[in-house]
Structure formats: structure tokens, C-alpha cells
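These notes are meant for a colleague opening this structure for the first time. Please read them with the sequence and the model side by side.

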Amino acid sequence: MNTKDLLKKVRKIEIKTRRLSDHVFGGEYHSTFKGRGMTFSEVRQYQFGDDVRSIDWNVTARYNEPFVKVFEEERELTMMLMVDVSGSEMFGTQEQIKKEVITEIAATLAFSATNNNDKIGLMLFSDRIELYIPPKKGRSHVLRIIRELLEFQPDGKNTDITGALKYLSNVMKNKAIVFLLSDFMAEDYQHTLKIASGKHDVTGIRVFDKMEESIPNLGMVQMQDEETGEYITVDTGSKSVRRAYSKYYHDRVNYFHQSFSVSGAGTINNRTDESYVKKLLGYFKRRA
């Protein structure tokens, strides 16, 4: 992708996702993810309707008229986007492949965070840590994150969620809002997820294509494994083949739900032909 085309794509995603984060998710995000508490801001004259418990009696005595303390929410939150860039994210049979949907969701979350003056970081992972961008504030930083999501070419093809979560624990010493975006076609990450969720506010966003849920009966078909690159001929006419694939797929989906449930972490399931806007908004409202 040349620079001109990349900038066009970045701009297109910014226009779409920033509009969503400005008009739809701004307030929802703020009310869902609270800051660390309230901090003293100023003292002002008492107004009708003010809580009498907030009266500053020392200042009131000094000026012989009531003054109240004003407090502001102390935010300074950090959002970490953990994005799976393994080979399977390139799959898609609808208008968008999984990677494109994940990019739009990540961009929307990033702009929602930056609208609330929070820091945003990015981790791209496959079977290794591909890229880590430390959390920072600002629009230019978000645009860099979008560029990386669009053009980054990973070295690894497989998925190691455990390794990514361990890396998160090493680099993020303070509590963060963590969104883990993947199709979650992986295993053996429950223990590490539980540790990470004990320290951070973790949400798993599972993005999947409806054609992944089962194999249709199409006879003998040559298929490529996106994560290994291997081509194999599959007899989709065989009931046992279709049954084995269905079990493989649903075992991993069930593991995803069970792992996040026992870890106390949140989940969002978004099919590539569904509105991620409704899914995110519903999740924020339930949590708020």
C-alpha cells in the first residue's frame, strides 16, 4: 500500500469512527469507565440546590456567606488495545474481513478514549508480540495506531493469547482498561487471563464470520489454513468431517465464554455482518 492510499484509508476510518465516538460513545464510555475518584477543584459561592454537605465552613466563616467545595472526577485512565493479527483474521465472506471490522472497532474505542483525555496504547500479537506502542494521548497518536492496524505485516501466523497477556502484565504496571480483539480460535489462556483480569479491566471482543460456524456440504473442496498456509482437500460431504469441525469450532467458542466468565472479564461477540455500534453501545450501557 503506497503512502497516498494509506492516508486515504486512515482518513476514511477516522471520519467514520470519530463520528461514532463523538456522537454515540463519548458519554457512554465516560460513564462506563470511571476515574480513580474525585479530586478538589475550587471553592465557589453557594447556589440554590447545592448539597449543604459540601459547604466549606472555614471559607464561609471568613466571608460571612456560604461557600462550597467543588470536586472533579480524577480520570487519567489508560486504554490498552490488544489486537490479534494472526492469519485467521484475514478471513471473511461478507462485506468485510475480520481484520477490517477489528480495525474499525479499535479505532472507535481509541477515539472514545481520547475524547475523554485518556491514554491509548496498542499491542499487536500473533504467536509472538509483533508491535507494542506505549500509551499516549492525542489525535495524532490515535492516527498512528490506525495506520499500524491497517498496514502492519506480521511475521507470525498463529495465535498465542497467553503470551500476549503475559507481556501485558510486564509492561502495564498500573491498572488499565484492556480490550482484547480476536476470533479467539485458541486454547489454554484461562489461567493467564484470570491473573490479568485481577489487575486490569479486561473485555474480550470476539469477531467472527458466519461461515466459520459450520462447513456446508460442497463435496470435495481444497482449503487453505490461514494460520499455517497449508492447503488440504476436505470432503465436506462427509457428516463426520462436518461434525468434527463443528465440535472444534464450538469448543473454542465455549472456552472463550467460560474463561472470561470465571475471570470476571467482559465479553462482546460481533459477527462481521452485524453492527458493532449496537454491540458496543449495548455493552457500555449494561456496564454503566
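1. Asn64 lies in the loop that runs between α2 (57-63) and β2 (67-74), and in this predicted model its phi is near 60 degrees, a positive value in a residue other than glycine. Most residues other than glycine have a negative phi. Asn64 is exposed, with a relative accessible area of 72%.

2. Phe184, placed in the loop between β6 and α6 (190-199), also deserves a look, since its phi is near 55 degrees, again a positive value in a residue other than glycine. Is Phe184 buried or exposed? With a relative accessible area of 1%, Phe184 is buried, whereas Asn64 is exposed.

3. A further loop position to inspect is Ser126, which is found between β4 (119-125) and β5 and is buried, with a relative accessible area of 0%. Leaving aside residues up to four places away in sequence, Ser126 touches Val85, Ser86, Gly156, Lys157, Asn158, Thr159 and Asp160. Ser126 and Ser182 are separated by 56 residues in sequence, and their C-alpha atoms are 10.0 Å apart in space.

4. For the chain as a whole, the model has eight helices and ten strands, and buried residues make up 45% of the 288 residues. Among contacts between residues at least 6 apart in sequence, 75% join residues that are at least 24 apart.

5. In what order do the strands of the open six-stranded sheet come? The order is β5-β4-β3-β6-β7-β10, and the pairing is mixed. The edge strands, each of which pairs on one side only, are β5 (129-136) and β10 (266-271), and from one strand to the next the twist averages 15 degrees.

6. Within this sheet, strand β3 (residues 78-84) pairs with strand β6 (residues 177-182) in the parallel sense, over five bridges, and Met80 stands opposite Val178 in β6. Strand β7 (residues 201-208) and β10 likewise run parallel and are joined by six bridges, with Arg206 standing opposite Asn269 in β10.

7. The edge strand β10 can be read residue by residue, and in a regular strand the side chains alternate between the two faces of the sheet. Along β10 they do alternate: Gly266, Ile268 and Asn270 point to one face and are buried, while Thr267, Asn269 and Arg271 point to the other face and are not buried.

8. Turning to the helices, α3 (residues 98-115) and α4 (residues 139-151) pack with their axes 10 Å apart and at an angle of about 170 degrees. Because angles over 145 degrees count as roughly antiparallel, α3 is described as roughly antiparallel to α4. On the α3 side the contact is made by Lys99, Thr103, Ala106, Ala107, Ala110, Phe111 and Thr114, and on the α4 side by Arg139, Val142, Leu143, Ile146, Leu149 and Leu150. By class, the contact of α3 with α4 has nine nonpolar, two polar and two charged residues.

9. Finally, the length of α4 can be checked: at 1.5 Å a residue, its 13 residues should span 18 Å, and the C-alpha atoms at its ends are 18 Å apart, which agrees. The buried residues of α4 include Val142, Leu143, Ile146, Leu149 and Leu150, which also take part in the contact with α3. His141, Ile145 and Glu148 of α4 are buried as well.

Note on methods: Residues are numbered from 1 along each chain as its sequence is written. This is a predicted model: local features need pLDDT of at least 70, side-chain atom pairs count only at pLDDT 80 or more; totals for chains, interfaces and linings use all residues. Side-chain values use heavy atoms; hydrogens and water are left out. Two strands pair if DSSP finds at least two bridges between them. Helices (H or I, at least four residues) and strands (E, at least two) are DSSP runs, numbered from the N terminus. Axes are lines fitted to C-alpha atoms, for helices over the stretch in contact, and angles run from 0 to 180 degrees between N-to-C directions. Angles under 35 degrees count as roughly parallel, over 145 as roughly antiparallel, 65 to 115 as roughly perpendicular and the rest as oblique. Contact means heavy atoms within 4.5 Å. Ala, Val, Leu, Ile, Met, Phe, Trp, Tyr, Cys and Pro count as nonpolar, Asp, Glu, Lys and Arg as charged, and the others, Gly among them, as polar. The expected span of a helix is 1.5 Å times one less than its number of residues. Buried means under 20% relative accessible area, exposed over 50%, partly exposed in between (1.4 Å probe, protein chains only).
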